[in-house]
Amino acid sequence: MPPLFSADAANPFNHFLGLPPKLLFGFALAINPLGLLIGSTLLRSLSDRFGRRPILLANAIGAAIGHAITAWSYYSIPIPCSFLHVMLLAY
């Protein structure tokens, strides 16, 4: 991910809304733990209700799909959507 923000040529990742690339990279790194925080609180109650194994399986499948979307989005989705799905991937 760092090469996307440090590229010399302008791209959607290093020139979004005129913000500095280092700040945008910081947002990209900070959004993942935010998703982990939200997801851990919600998944705790779901695992109490449905059991740990089904929730872990659903989480693993969701993570695999999320990583595939992440790889695809670097080439085709605007940066706000990219940040949103990185947060959801952590969830």
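**Reading a four-helix model**

Tutor: In this predicted model, confidence in the protein chain is lowest in helix α1 (residues 2-6), with a mean of 63, and highest in α2, with a mean of 81.

Student: What is the mean pLDDT of the protein chain, then?

Tutor: The mean is 75, and 67% of the residues reach 70 or more. Where pLDDT is low, the predicted coordinates should not be read in detail.

Student: Okay. What makes up the secondary structure of the chain?

Tutor: Four helices and zero strands. Along the sequence, that reads α-α-α-α.

Student: How do you know that the span of α2 agrees with its number of residues?

Tutor: Try it with residues 21-50. At 1.5 Å a residue, the 30 residues of α2 should span 44 Å. The C-alpha atoms at the ends are 43 Å apart, so the two values agree.

Student: And what comes just after α2?

Tutor: Glycine 51, with a positive phi of about 100°.

Student: Which residues of α2 are buried?

Tutor: Leu24, Ala28, Gly35 and Gly39. To be called buried, a residue needs under 20% relative accessible area. Across the chain, 21% of the 91 residues count as buried.

Student: Why is isoleucine 61 called partly exposed?

Tutor: Set its value against the cut-offs. Isoleucine 61 has a relative accessible area of 48%. Buried means under 20% and exposed means over 50%, so with 48% isoleucine 61 lies in between and is called partly exposed.

Student: Where is isoleucine 61 placed?

Tutor: In helix α3, residues 52-76. Isoleucine 61 also helps make a nonpolar surface patch of about 520 Å², together with Leu57, Ile65, Ile69 and Trp72.

Student: What about the spacing along a helix?

Tutor: An α-helix has 3.6 residues a turn, so residues three or four places apart point the same way.

Conventions. Residues numbered from 1 in each chain as written. Predicted model: local features only at pLDDT ≥ 70, side-chain atom pairs only at ≥ 80, totals over all residues. Heavy atoms only, no water. Helix = DSSP H or I, 4+ residues; strand = E, 2+ residues; numbered from the N terminus. Expected span 1.5 Å × (residues − 1). Buried < 20%, exposed > 50% of the residue type's maximum accessible area, 1.4 Å probe, protein only. Patch = residues over 30% accessible without salt bridge, like charges linked within 9 Å, V, L, I, M, F, W, Y side chains within 5 Å. Areas by Shrake-Rupley, 256 points an atom, 1.4 Å probe, with all protein chains shown as cover. Salt bridge = Lys/Arg side-chain N within 4 Å of Asp/Glu carboxyl O. pLDDT = per-residue confidence, 0-100.
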